[in-house]
Amino acid sequence: MKQGWELKKLGEILSIERGGSPRPIEKYMTNSPDGINWIKISDATASDKYIYETKEKITKDGLHKTRVVNEGDFILSNSMSFGRPYIMKTTGCIHDGWLVLKQNGKKIFETEFLYYLLSSPFVFQQFNSKAAGSTVRNLNISLVSSVDVPIPPLPEQQRIVAILDEAFADIAKAKANAEQNLKNAKELFESYLQGVFENKGEGWEEKTLGEVLVKTETVDPTKKPNEEFTYLDVSSVNKETKEIENATVLLGKDAPSRARKLVKTNDVIFATVRPTHSRVALITEEYDEQVCSTGYFVLRAKEFLSNNLVYYFLLTYSFNKQMEKLQKGASYPAVTDSEVKGIYISFPKSLKVQQTIVQKLDALSTETKKLEAIYQQKINDLEELKKSVLQKAFAGELKMSELGFDGLKDDR
């Protein structure tokens with residue numbers, strides 16, 4: 001521990017209390033301007049460290065079952081967004097999804113210093129290890145009280161906050177640039193892809209998907225109870241990369257009731273459950289003659305149409321918008337295979353022209369994915385840098401001259 005710093009447990013220096021919920025909560029809800037702010041987990045956002053306002057209010061009659069918090073108090077999520085701190089910028093009451101931390105009497109922490117401290121790996125690692133082993137990870141008063149924290153003198157806290165504010169502003173700028181570059185790369189490919197099917201030239205025709213596809217097979221793995229097969233459920237397709245991940249090898253006797261659709265090399269599968277997630281994939285040789293969920297529509301084109309072109313068509317903005325209009329069900333939105341078959345696709349009559357288009361799209365897709373990987377890695381690296389800076393801050397090793405942020409400021 002750095003000279004002049006102290007190490008104490010949070011429970012020794014802060015008042016830590018748990019919120020509560022008056023029940024039935026409906027009895028205490030009010031639209032009156034005189035109502036008391038009712039602070040729920042949904043009032044916190046991932047991008048902000050403050051809570052300014054609430055969506056709901058309760059009457060004064062509900063105060064006997066909850067906990068009052070004031071501006072400047074800290075609240076911690078004890079389940080969702082596990083251990084995430086927020087600074088109150090309003091007064092109100094918290095339900096039992098929150099813990100409140102208050103400074104009582106003598107000022108020990110600068111507000112911003114305490115926020116950085118509670119957000120740091122130094123504290124989170126203690127939360128994580130002390131909460132490990134339970135089915136649902138929750139914080140409680142005893143656990144939070146037992147966490148060790150360093151306490152520098154107040155002038156040192158102010159110095160650390162000034163350095164962290166400057167460093168994190170640079171990191172935030174660099175991250176925003178990387179995120180914009182990532183977005184631009186995706187939009188460039190999507191725009192080109194959309195143009196391929198919109199700007200059709202001579203020798204193109206338009207048909208429904210039902211007219212250009214052949215009928216695919218269904219199977220029942222349970223009829224071969226001791227034979228292994230690879231099963232693709234709806235979550236097996238990564239909605240970002242469009243690649244098959246986490247396929248499951250099962251015995252026929254263990255096949256779920258939805259494991260009924262046979263897939264072959266070059267087939268295209270499209271998840272009709274939550275269709276706007278765009279879980280689309282091409283079946284590679286690895287999954288030839290395997291089984292996918294009935295939550296997929298299996299597309300296999302007739303001899304005059306490239307399966308790869310069908311795959312790219314399913315990735316277009318226009319196809320996705322049609323799925324959005326057709327899907328039904330609020331909690332479990334879906335479309336039917338028949339509805340997908342009714343969608344029109346435009347394509348060149350010439351297979352050679354189709355292959356040329358696919359080759360161009362393959363090349364652009366490959367380059368786009370390389371760029372996306374670079375920008376995503378940069379975003380991940382910046383998040384790790386934030387953690388590293390915080391770790392140094394609370395080990396007493398923080399010096400701005402050693403952090404090397406100058407290169408971030410002009411990052412594009």
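By class, the lining of the second largest pocket breaks down into 12 nonpolar, 9 polar and 7 charged residues. This is a predicted model, and the pocket in question comes out at about 800 Å³. Its lining runs to 28 residues, and K186, E190, K239, E240 and K242 are the ones nearest the centre. As for where the lining comes from, α5, α7, α8 and α10 each put in at least two residues. Helix α10 gives the largest share of this lining, with 6 residues.

The largest pocket holds about 920 Å³ of space. It is lined by 24 residues, and R84, Y115, S119, E383 and K386 sit closest to its centre. The elements that contribute two or more residues here are α2 (111–119), α3 (121–131), α5 (154–198) and α10 (351–393). This time α5 supplies the largest share, 5 residues. Sorted by class, the lining of the largest pocket has 12 nonpolar, 4 polar and 8 charged residues. Both α5 and α10 turn up in the lists for the largest pocket and for the second largest pocket. As for the general idea behind such pockets, rolling a probe the size of a water molecule over the atoms shows where empty space is left.

K386, one of the residues closest to the centre of the largest pocket, also takes part in a charge-over-ring arrangement. Its charged end sits over the ring of F168, 5.4 Å from the ring centre. A second arrangement of this kind involves K49, which lies over the face of Y116 at 5.6 Å from the centre of that ring.

Between α2 and α3, two of the elements that line the largest pocket, there is a loop that holds S120. S120 has a relative accessibility of 0%, so it counts as buried. Leaving aside residues up to four places away in sequence, S120 touches L390 and F394.

Now for the rings. The count comes to 13 aromatic pairs. One of them joins F270 and F319, edge-to-face, with 5.3 Å from centre to centre and 70° between the planes. F270 belongs to strand β17 (residues 268–271) and F319 to helix α8 (residues 317–326), so this pair ties together parts of the chain that are 49 residues apart in sequence. Both F270 and F319 are buried. The stacked pair of F304 and F347 has its ring centres 6.1 Å apart and its planes at 20°. This pair, too, links distant parts of the chain: F304 is in the loop between β20 (296–299) and α7 (307–313), F347 is in strand β21 (residues 344–348), and 43 residues separate them. The two partners differ in exposure. F304 has a relative accessible area of 26%, so it is partly exposed, whereas F347, at 0%, is buried.

F270 and F319 also belong to a wider grouping, as F197, F270, F313 and F319 form one aromatic cluster. Three of the elements that hold these rings have already come up in the pocket linings. F197 falls within α5 (154–198), F313 within α7 (307–313) and F319 within helix α8, and α5, α7 and α8 each supply at least two residues of the lining of the second largest pocket.

Definitions and conventions
Residues are numbered from 1 along each chain as its sequence is written. This is a predicted model: local features need pLDDT of at least 70, side-chain atom pairs count only at pLDDT 80 or more; totals for chains, interfaces and linings use all residues. Side-chain values use heavy atoms; hydrogens and water are left out. Rings of Phe, Tyr and Trp (its six-membered ring) pair if their centres lie within 6.5 Å; planes under 30 degrees apart count as stacked, over 60 as edge-to-face and the rest as tilted. Helices (H or I, at least four residues) and strands (E, at least two) are DSSP runs, numbered from the N terminus. Buried means under 20% relative accessible area, exposed over 50%, partly exposed in between (1.4 Å probe, protein chains only). A charge sits over a ring if NZ of Lys or CZ of Arg is within 6 Å of the ring centre and within 35 degrees of the ring normal. On a 1 Å grid over the protein atoms alone, a cavity is a set of points where a 1.4 Å probe fits but cannot get out, and a pocket is an open set with protein on both sides within 12 Å along at least five of seven lines; lining residues have an atom within 4 Å of a point. Grid points are joined across faces, edges and corners, and a volume is the space filled by probe spheres set on the points. Ala, Val, Leu, Ile, Met, Phe, Trp, Tyr, Cys and Pro count as nonpolar, Asp, Glu, Lys and Arg as charged, and the others, Gly among them, as polar. Contact means heavy atoms within 4.5 Å.
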